[in-house]
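New to this one? Here's a quick briefing to help you find your way around.

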Amino acid sequence: MFGAVVVGIGTAGWVRIRDMLAPLPGSPAEKLNVRAFISRRKLDSQQGVSQVTAEEAVSREDIQVAFICTDNVLHEENVKTFLQAGKHVCVEYPMTMNYKAALELWNLAQEKGVILHEEHIELLTEDYKELKRAVEGKLLQEGTLHFTGGALKPGFGFPAFSGIARLTWLVELFGELSVTAATMEEDSGNNYSKMTAKLLTSDDRPLMWIEERGPDLPWAKNINFQFDSCTLTEVPPAPKGAVGVFMQDLIHFSAKLAGQVSPGELHREKIRILHCLRLAENIQQLCKR
């Protein structure tokens with residue numbers, strides 16, 4: 001069994017506790033036992049789980065795993081704290097707000113002999129899986145992914161990092177990418193922002209990624225992918241999955257803890273995550289020029 005602490009009690013932290021208390025029967029997630037949670041606020045017990053300080057969690061021998069569910073800007077500091085203590089870590093995306101820091105955390109995890117896992121539930125959704133199937137075997141000519149959503153809250157970071165789920169979609173669908181240009185429009189008075197990044201696939205096919213945020217904007221992913229044989233203008237509808245995305249992620253992370261994930265798969269995941277973080281950093285730098 002692996003004893004776990006959940007750091008941060010927002011929606012994601014609450015779901016992590018719920019899923020560990022009732023894991024999918026017969027799955028590796030049954031090996032996780034939630035021991036405590038950490039919050040900056042003084043709270044009553046959550047779902048029967050009691051609050052501890054970070055100092056106590058780091059020193060407790062019955063806690064071997066930390067789930068980092070804090071504001072994005074606090075991820076790096078929290079991940080580092082638990083890795084240095086020799087604990088396995090599962091962190092919500094983005095792991096850090098820059099590529100170099102992420103690389104240092106991976107190296108620290110390797111040095112300590114522990115698992116560092118960055119959650120990417122957007123790759124576990126049924127609509128993404130359906131889109132992946134629809135794209136399979138087709139030759140991209142050009143494409144656009146335009147995301148709209150509510151205004152960004154403080155602590156979420158630059159849109160290339162807070163929206164890295166969409167960038168991860170593009171990398172998973174079309175392979176390694178490079179950034180050729182990026183711009184940022186902002187109206188702080190109206191809490192509006194629009195980031196536009198021009199990307200290229202390894203065979204020089206253009207992709208545009210737009211992250212548009214504002215108080216009245218609907219939560220939507222609008223796509224236009226033109227292939228040699230057809231054009232996809234919407235994410236294919238998919239039935240709801242039998243297992244929730246956070247539970248799927250919990251099972252994947254638990255399988256890593258149990259040594260059930262191959263070194264090759266671990267390496268590919270690490271390369272993809274670092275590639276996306278480097279792209280996000282390049283986009284941010286281009287937007288600030």
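What follows is a short tour of the sheets, the helices and the pockets.

Keep in mind that this is a predicted model. One open sheet has 5 strands, another open sheet has 6 strands, and the largest pocket holds about 1,400 Å³ of space.

**The sheet of 5 strands**

- Reading across this open sheet, the strands come in the order β2-β1-β3-β4-β5, and the pairing is parallel.
- At the edges you'll find β2 (32–38) and β5 (116–119), each pairing on one side only.
- Ignoring direction, neighbouring strands here are turned by 20° against each other on average.
- For a pair to look at, try β1 (residues 2–7) and β3 (residues 65–68), which run parallel and share 4 bridges.
- Within β3, F67 is the bridge partner of V6.
- Helix α3 (residues 75–84) lies across β1, β2, β3, β4 (88–92) and β5, and its direction is at about 170° to β4.

**The sheet of 6 strands**

- This open sheet goes β7-β8-β9-β6-β10-β11, and its pairing is mixed.
- The edges belong to β7 (177–187) and β11 (231–232); each has a single partner strand, so one side of each has no neighbour in the sheet.
- Strands β6 (residues 140–149) and β9 (residues 206–213) pair in the parallel sense, with 7 bridges between them.
- Look in β9 for W209, the bridge partner of L145.
- Helix α7 packs on this sheet and touches β6, β7, β8 (192–201), β9 and β10, with its direction at about 160° to that of β9.

**A pair of packed helices**

- Helices α4 (residues 99–112) and α9 (residues 263–287) pack with their axes 8 Å apart, at an angle of about 155°.
- Angles over 145 degrees count as roughly antiparallel, and α4 and α9 are therefore roughly antiparallel to each other.
- On the α4 side, the contact is made by Y99, A102, L103, W106 and Q110.
- Facing them in α9 are K270, I273, L274, L277, R278 and E281.
- Sorted by class, this contact of α4 with α9 has 7 nonpolar, 1 polar and 3 charged residues.

**The largest pocket**

- About 1,400 Å³ of space lies in this pocket, and 43 residues line it.
- Which lining residues are closest to the centre of the largest pocket? They are A12, T70, N72, E92 and F156.
- Elements giving two or more residues to the lining are α1 (11–21), α3, α7 (164–174) and β10 (220–227).
- Helix α1 gives the most to this lining, with 4 residues.
- The lining of the largest pocket breaks down into 20 nonpolar, 12 polar and 11 charged residues.

**The second largest pocket**

- Here you have about 520 Å³ of space, lined by 22 residues.
- Closest to the centre of the second largest pocket are L123, E172, R268, E269 and R272.
- Two or more lining residues come from each of β5, α5 (126–135), α7, α8 (245–257) and α9.
- Which element gives the most to the lining of the second largest pocket? That would be α9, with 6 residues.
- By class, the lining of the second largest pocket has 5 nonpolar, 6 polar and 11 charged residues.

Terms used. Residues are numbered from 1 along each chain as its sequence is written. This is a predicted model: local features need pLDDT of at least 70, side-chain atom pairs count only at pLDDT 80 or more; totals for chains, interfaces and linings use all residues. Side-chain values use heavy atoms; hydrogens and water are left out. Axes are lines fitted to C-alpha atoms, for helices over the stretch in contact, and angles run from 0 to 180 degrees between N-to-C directions. Angles under 35 degrees count as roughly parallel, over 145 as roughly antiparallel, 65 to 115 as roughly perpendicular and the rest as oblique. Contact means heavy atoms within 4.5 Å. Ala, Val, Leu, Ile, Met, Phe, Trp, Tyr, Cys and Pro count as nonpolar, Asp, Glu, Lys and Arg as charged, and the others, Gly among them, as polar. Two strands pair if DSSP finds at least two bridges between them. On a 1 Å grid over the protein atoms alone, a cavity is a set of points where a 1.4 Å probe fits but cannot get out, and a pocket is an open set with protein on both sides within 12 Å along at least five of seven lines; lining residues have an atom within 4 Å of a point. Grid points are joined across faces, edges and corners, and a volume is the space filled by probe spheres set on the points.
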